[in-house]
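Q: Please pick one part of this structure and look at it closely. Then show how it fits into the rest of the chain. Keep it plain, as I am new to it.

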Amino acid sequence: MKKLLLSLALVAGLGLAANAQTEGAVKKLSIGAEFGIPTEGSNELLVGGSLQFEQPIAKSLNFTLSAGYIADMITGDAKDVLKALGAKTSYGFIPLKAGAKYYFGGNFYAAGEVGAAISTVDGIGTSFAYAPTLGASFSVADKSSLDFGVRYENWSKASSGFIGLRAAYAFGL
């Protein structure tokens, strides 16, 4: 399943690249949908949304700030067991990160972010978070673009990281 999602995202990105205009580093704000699958076999699915601000600091380099909400939802038989016991089947997290995004080849970028993932549930606390990303940004209008990214994200208090997908609409500022 993980390999299928990653393959579909890469094929779609490469197909769009053939018709896309050069994007590069520009000041923008994006709003996106987030999806994640743990890297170790688990009955979890991560779903959420995020905002990301980008400020150019060099020709092809942007400083980034991002904030969002991610629900870590238990799925399958484990969810049924937890429901029967009256336990929680989902947990919320607020990731707050800062980093840099370097555009190469016009539309494509590599990014890295560090920050914190704050739990909305008592007793879990705050984790250190880091996330290297590869993605592409494609212009759809004069000051708008679509942004697709694939990342590995890890939180210090989690047993494993996750592969995250982000699909976003960016507004030039």
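A: Start with S145, whose bridge partner in strand 8 is A170. The model is a predicted one. The bridge belongs to the pairing of strand 7 with strand 8, which is antiparallel and has 10 bridges. A hairpin of six residues leads from strand 7 to strand 8.

Now look at S144. This serine lies in strand 7, which covers residues 144-155. Is S144 buried or exposed? It counts as buried because its relative accessibility is 13%, and the cut-off for buried is under 20%. Which residues does S144 touch, leaving out those up to four places away in sequence? They are F138, S139, Y169 and A170. With Y169 there is also a polar contact: the two side chains are joined at 3.0 Å. A170 appears twice here, as a contact of S144 and as the bridge partner of S145.

Next, follow strand 8 to its other pairing. Strand 8 spans residues 162-172 and pairs with strand 1, residues 28-38. These two strands run antiparallel, and 11 bridges join them. One place to see this is L29, which stands opposite F171 in strand 8. Strand 8 therefore pairs with strand 7 and with strand 1, as each pairing has at least two bridges.

Go back to strand 7 and move to residue 155, within its range of 144-155. W155 has many contacts beyond its neighbours within four places in sequence. They are L46, I70, F93, A117, S127, F128, A129 and F162. Several of these return in the largest nonpolar core. That core has seven residues: L46, I70, F93, A117, A129, W155 and F162. Ring pairs also link W155 with F93 and F162 in a cluster.

That brings in the other rings. How many aromatic pairs are there? Counting rings with centres within 6.5 Å, the total is seven aromatic pairs. One of them joins Y103 and Y109, edge-to-face, at 5.6 Å centre to centre with 65° between the planes. Both of these tyrosines are buried, Y103 with a relative accessible area of 3% and Y109 with a relative accessibility of 3%. Another pair is F128 with Y130, a tilted one, at 6.3 Å centre to centre and 35° between the planes. Here the setting is partly exposed: F128 has a relative accessible area of 47%, and Y130 has a relative accessibility of 35%. F128 is also one of the residues in contact with W155. Y109 has a further partner, K101. The charged end of K101 sits over the ring of Y109, 4.2 Å from its centre.

Finally, step back to the whole chain. It holds two helices and eight strands. From the N terminus on, the order is α-β-β-β-α-β-β-β-β-β. The chain has 173 residues, and 36% of them count as buried. S144 is buried, as are Y103 and Y109. Contacts between residues far along the sequence also show up in the total. Among contacts with a separation of 6 or more, 56% join residues 24 or more positions apart. The pairing of strand 1, residues 28-38, with strand 8, residues 162-172, is a place to look for them.

How values were computed. Residues numbered from 1 in each chain as written. Predicted model: local features only at pLDDT ≥ 70, side-chain atom pairs only at ≥ 80, totals over all residues. Heavy atoms only, no water. Phe/Tyr/Trp six-rings, centres within 6.5 Å; stacked < 30°, edge-to-face > 60°. Buried < 20%, exposed > 50% of the residue type's maximum accessible area, 1.4 Å probe, protein only. Lys NZ or Arg CZ within 6 Å of the ring centre and 35° of its normal. Helix = DSSP H or I, 4+ residues; strand = E, 2+ residues; numbered from the N terminus. Polar contact = N/O pair within 3.5 Å; in protein donor to acceptor, adjacent residues only side chain to side chain. Contact = heavy atoms within 4.5 Å. Core = buried A, V, L, I, M, F, W, Y, C linked by side-chain atoms within 4.5 Å.
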